[in-house]
Amino acid sequence: MTEMNVFPVLIAVADSLSVTKAAKSLNITKSAVSKAIQGVEDTLGVKLFYRTTRSISLTEVGGIYIDYIRQSYQLAVMAGDAVSKYSDKATGIIRVCAPMSFGILHLSRMIPVFMQQYPDLEVELFFDDKVTDLIGEGYDIAVRIGELPDSSLVARRLSPCHSGLYAAKNYLAQYEKPKKASELKNHNCLSYSFYQAGQEWVFYHKGKKFSHIPKGNLRVNNSQALVQAVIGGIGIALLPHFITSIEDVDNQLIPLLTDYELPDHSIYAVYPEKQYLPRKVAIFVEFLQKQFGEGSEYQQKIEFR
């Protein structure tokens with residue numbers, strides 16, 4: 001009889017048709033994936049996958065087998081989730097992903113507190129500024145910032161995410177400080193590649209909406225890199241408070257167009273919708289709400305300082 005702990009390995013390979021991608025999504029080695037496949041095939045006495053040095057594909061019998069174990073595994077997970085709420089103990093592994101800069105500057109500082117409260121729970125923390133596929137990549141929960149696309153995921157708002165327009169003193173020493181949104185066209189406006197609201201900057205002033213599409217000479221996929229470019233005097237950028245409020249950055253930046261308002265954005269905890277929410281996910285969401293929610297030290301020091 002095949003042990004159920006290899007089911008997620010087989011399902012990951014079948015979904016990605018790649019040993020490398022499957023290993024990465026499960027955070028195990030490629031050799032462990034190959035060994036799991038070989039072990040099941042030896043036990044069953046059939047080939048589940050066609051494998052060459054360059055490709056992998058399901059055999060006909062492999063497709064049938066994967067369909068059955070997918071259903072079995074989903075039912076087993078649901079059963080575990082259903083009974084976990086009756087236990088006072090949180091165990092297992094919780095896989096969390098978050099944006100790189102926010103994760104490093106804020107979330108990573110709070111994880112040790114969570115792990116001290118729940119020592120039997122293992123945490124796997126992944127930072128990536130791209131929007132990850134929670135279900136496809138096997139994450140239990142994600143922290144996301146900005147506009148959320150319509151999906152079947154559950155989103156719980158944690159905190160507002162305020163931003164502002166900034167430049168460095170040395171940049172403003174060379175170029176006249178913009179006093180209107182329309183004057184931004186005369187400046188080198190730097191941009192963040194993964195801004196969820198799109199590349200357009202939107203401002204509100206005295207009931208009117210103004211927009212500007214940055215056309216500067218730098219676009220980066222990480223907020224901290226963007227901050228360093230602004231501090232270096234390259235240009236102007238729209239930056240989140242969760243970076244600009246950090247002490248060693250705050251005194252190097254000059255806020256611009258402070259009489260203009262920016263659209264409201266938020267920080268969310270996002271997780272797959274399930275009939276029975278696993279206890280490990282429920283307690284982590286509660287922890288995030290306490291750390292980042294209304295009245296938290298984070299909001300007082302970062303978002304509403």
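Which residue in E14 is the bridge partner of arginine 144? The partner of arginine 144 in E14 is tyrosine 268. This pair offers a way into the structure, which is a predicted model. The following paragraphs begin with the whole protein, return to the strands around arginine 144, and then turn to a second sheet, the charged side chains and two loops.

The protein contains 11 helices and 14 strands. Its C-alpha atoms fill a box of roughly 75 × 45 × 35 Å along the principal axes. Of its 305 residues, 44% count as buried. The accessible surface amounts to about 17,000 Å², and carbon and sulfur atoms contribute 51% of that area. Among the contacts with a separation of 6 or more, 74% are between residues 24 or more positions apart. One pair of residues illustrates how distant parts of the chain can be placed in space: arginine 279 and glycine 80 are 199 residues apart along the chain, and their C-alpha atoms are separated by 9.7 Å. Arginine 279 belongs to helix H10, which covers residues 279-292. With a relative accessible area of 22%, arginine 279 is partly exposed, because the limit for a buried residue is under 20%.

Arginine 144, the residue of the opening question, lies on one side of E5 together with Ala142, while Ile141, Val143 and Ile145 lie on the other side. The residues on both sides are buried, and both faces of the strand are therefore covered. Strand E5 spans residues 141-145, and since 5 of its 5 residues are buried, the strand is largely enclosed by the rest of the structure. Which strands pair with E5? One is E3, which runs parallel to E5 and is joined to it by 2 bridges. Here valine 96 has isoleucine 141 in E5 as its bridge partner. Another is strand E14, residues 266-272, which pairs with E5 in the antiparallel sense over 4 bridges. In general, the strands of a sheet pair through backbone hydrogen bonds, and the pairing may be parallel or antiparallel.

Strand E3 also takes part in a link between charged side chains. Arginine 95 and glutamate 124 meet in a salt bridge, with 3.0 Å from N to O. Arginine 95 lies in strand E3 (residues 92-98) and glutamate 124 in strand E4 (residues 121-127), so the salt bridge ties together parts that are 29 residues apart in sequence. Both residues are set away from the surface: arginine 95 is buried, with a relative accessible area of 9%, and glutamate 124 is buried, at 17%.

A second group of strands can now be traced. In an open sheet, 5 strands follow the order E11-E8-E12-E7-E13, and their pairing is mixed. At the edges are strand E11 (219-220) and strand E13 (254-256), each of which pairs on one side only. Within this sheet, strand E7 (residues 163-167) and strand E12 (residues 236-240) run antiparallel and are joined by 4 bridges. Leucine 165 stands opposite leucine 238 in E12.

The charged side chains may next be considered across the whole protein. There are 32 positive and 32 negative side chains, and the centres of the two sets lie 5 Å apart. The structure holds 7 salt bridges. One of them joins glutamate 297 and lysine 301, at 2.7 Å from N to O. These two residues are 4 residues apart in helix H11 (residues 297-303), which means that about one helical turn separates them. Glutamate 297 counts as exposed, at 52% relative accessibility. Another salt bridge connects lysine 179 with glutamate 176, the closest N and O atoms being 3.8 Å apart; both of these residues are exposed. In addition, a network of salt bridges links Glu41, Lys47 and Arg51.

Finally, two loop residues deserve attention for their backbone angles. Asparagine 27 is not a glycine, yet it has a positive phi of about 60°. Asparagine 27 lies in the loop between helix H2 (19-26) and helix H3 (30-44), and is partly exposed, with a relative accessible area of 46%. Lysine 206 likewise is not a glycine and has a positive phi, of about 55°. Lysine 206 is found in the loop between strand E9 (201-205) and strand E10 (208-212), and at 76% relative accessibility it counts as exposed.

Note on methods: Residues are numbered from 1 along each chain as its sequence is written. This is a predicted model: local features need pLDDT of at least 70, side-chain atom pairs count only at pLDDT 80 or more; totals for chains, interfaces and linings use all residues. Side-chain values use heavy atoms; hydrogens and water are left out. Buried means under 20% relative accessible area, exposed over 50%, partly exposed in between (1.4 Å probe, protein chains only). Contact means heavy atoms within 4.5 Å. Accessible areas come from the Shrake-Rupley method with a 1.4 Å probe; for residues, only the protein chains shown count as cover. Lys and Arg count as positive and Asp and Glu as negative; His and the chain ends are not counted. The place of a charge is taken as NZ of Lys, CZ of Arg, CG of Asp or CD of Glu. A salt bridge is a side-chain nitrogen of Lys or Arg within 4 Å of a carboxyl oxygen of Asp or Glu. Two strands pair if DSSP finds at least two bridges between them.
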